[in-house]
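I opened this notebook to keep track of what I looked up, one topic at a time. My plan is to begin with a single pair of facing residues and to work outward from there.

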Amino acid sequence: MLTIDTLNQYYGESHTLWDLDLEVPAGECTCVMGRNGVGKTTLMKAIMGEVGIASGSIRFADDVELTRQRVEARSRLGIGYVPQGRQIFPLLTVEENLRTGLAARSDGLKRIPERIYELFPVLEEMRHRRGGDLSGGQQQQLAIGRALVLEPRLLILDEPGEGIQPNIVTLIGEVIRRLIQEDGLTVLLVEQKLPFARKYADRFVIMDRGRPVARGPIGELTDALIREHLTV
Ligand SMILES: Nc1ncnc2c1ncn2[C@@H]1O[C@H](COP(=O)(O)OP(=O)(O)O)[C@@H](O)[C@H]1O
Ligand SMILES: [Mg+2]
């Protein structure tokens with residue numbers, strides 16, 4: 001679904017992503033792990049075009065070269081993105097927040113797909129509340145719902161469980177599995193929490209200082225790898 005090849009990225013003089021390659025197979029959840037500051041969020045932003053890259057290639061679906069596409073075009077191709085820290089619009093209602101996602105659709109649909117309320121019933125109940133009045137967990141559901149409005153083929157989630165109560169983290173994990181199994185989505189997840197990755201991801205990629213250092217099916221995420229690359 002997504003193939004990244006020799007990607008290099010800099011913030012000014014600071015070389016952040018180093019000759020990075022990554023394969024995100026279709027119909028699975030691939031989990032990018034690694035300590036704070038290793039470049040996970042930068043990688044997601046590079047995929048979405050929110051940071052420029054120095055070199056490399058990012059191919060999506062039927063071999064579209066994403067690095068030649070503008071930011072808006074990338075979501076329109078079918079990539080939903082839930083950035084770290086949620087970033088919903090606090091002054092807009094839940095429904096208005098969801099509607100902002102419609103702009104990224106290529107078919108001009110004007111209605112929020114029912115599926116979103118089916119996956120996150122609380123969003124329907126709170127349709128007329130302001131985003132800013134929701135709890136952190138509800139805001140995260142809203143952020144995911146908004147990314148799903150365009151009915152993406154690939155969903156990118158950057159630490160969706162960060163600072164959120166455990167029952168909502170579980171709900172998000174279950175939604176990820178339903179999206180894969182029932183809707184045929186592919187998921188690229190950034191997640192540092194081991195139990196969550198082990199329960200909901202199919203494969204892992206561990207990053208260290210801007211490059212992948214280990215990867216494989218989630219069953220191969222050993223305690224030795226965790227000790228070496230994940231614990232502080
Ligand atoms: N906008 C920015 N300008 C300069 N440096 C940045 C910027 N964003 C992140 N960085 C730096 O790039 C590195 C990777 O950050 P990030 O991708 O956010 O890591 P992670 O998501 O793995 O915690 C860190 O050293 C961070 O300080
Ligand atoms: Mg991050």
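**Entry 1, a pair of strands.** I began with V82, and I found that it stands opposite L157 in β7. Before going further I noted that this is a predicted model. I then looked up how the strands themselves are joined, and four bridges connect β6 to β7, the two running parallel. Which residues of β6 are buried on its two faces? I found I79 and Y81 on one side, with G80 and V82 on the other, and all of them are buried, so both faces of this strand are covered.

**Entry 2, the whole sheet.** I next followed the sheet from end to end and wrote down an open arrangement of six strands in the order β6-β7-β8-β3-β9-β10, with mixed pairing. Why is one side of β6 and of β10 left without a neighbour in the sheet? I noted that β6 and β10 (211–217) stand at the edges and that each has a single partner strand, so one side of each lacks a neighbour there. Ignoring direction, I recorded that neighbouring strands of this sheet are turned by 15° against each other on average.

**Entry 3, the β10 edge.** Here I looked up β9 (residues 203–208), which pairs with β10 in the antiparallel sense over six bridges. Within this part of the sheet I noted F204, which stands opposite G216 in β10.

**Entry 4, the helix across the sheet.** I then asked which strands α1 lies across. The helix lies across β3 (29–33), β6, β7 (154–158), β8 (186–190) and β9, and it runs at about 150° to β7.

**Entry 5, the magnesium ion.** Turning to ligand 2, I found a magnesium ion coordinated by T41 through OG1 and by Q84 through OE1, at 2.0 to 2.3 Å. These two residues link distant parts of the chain, since T41 is in helix α1 (residues 40–48) while Q84 sits in the loop between β6 (79–82) and α3 (94–100), 43 residues apart. I also checked the accessibility of Q84, which is partly exposed, with a relative accessible area of 25%.

**Entry 6, ligand 1.** Last, I listed what surrounds ligand 1, and the residues include Y11, T16, R35 and N36, as well as K40 and T41. Two backbone approaches went into my notes: a polar backbone atom of G37 is 2.7 Å from an oxygen atom of the ligand, and one of G39 is 3.1 Å from an oxygen atom of ligand 1. For T42 I recorded a side-chain approach instead, with a polar atom lying 2.5 Å from an oxygen atom of ligand 1.

Terms used. Residues numbered from 1 in each chain as written. Chains lettered and ligands numbered in written order. Predicted model: local features only at pLDDT ≥ 70, side-chain atom pairs only at ≥ 80, totals over all residues. Heavy atoms only, no water. Donors = N, O, S within 2.8 Å, 3.2 Å for Na, K, Ca; no water. Buried < 20%, exposed > 50% of the residue type's maximum accessible area, 1.4 Å probe, protein only. Pairing = 2+ DSSP bridges. Axes fitted to C-alpha atoms, helices over the stretch in contact; angles between N-to-C directions. Contact = heavy atoms within 4.5 Å. Near = heavy atom within 4 Å. Polar contact = N/O pair within 3.5 Å; in protein donor to acceptor, adjacent residues only side chain to side chain.
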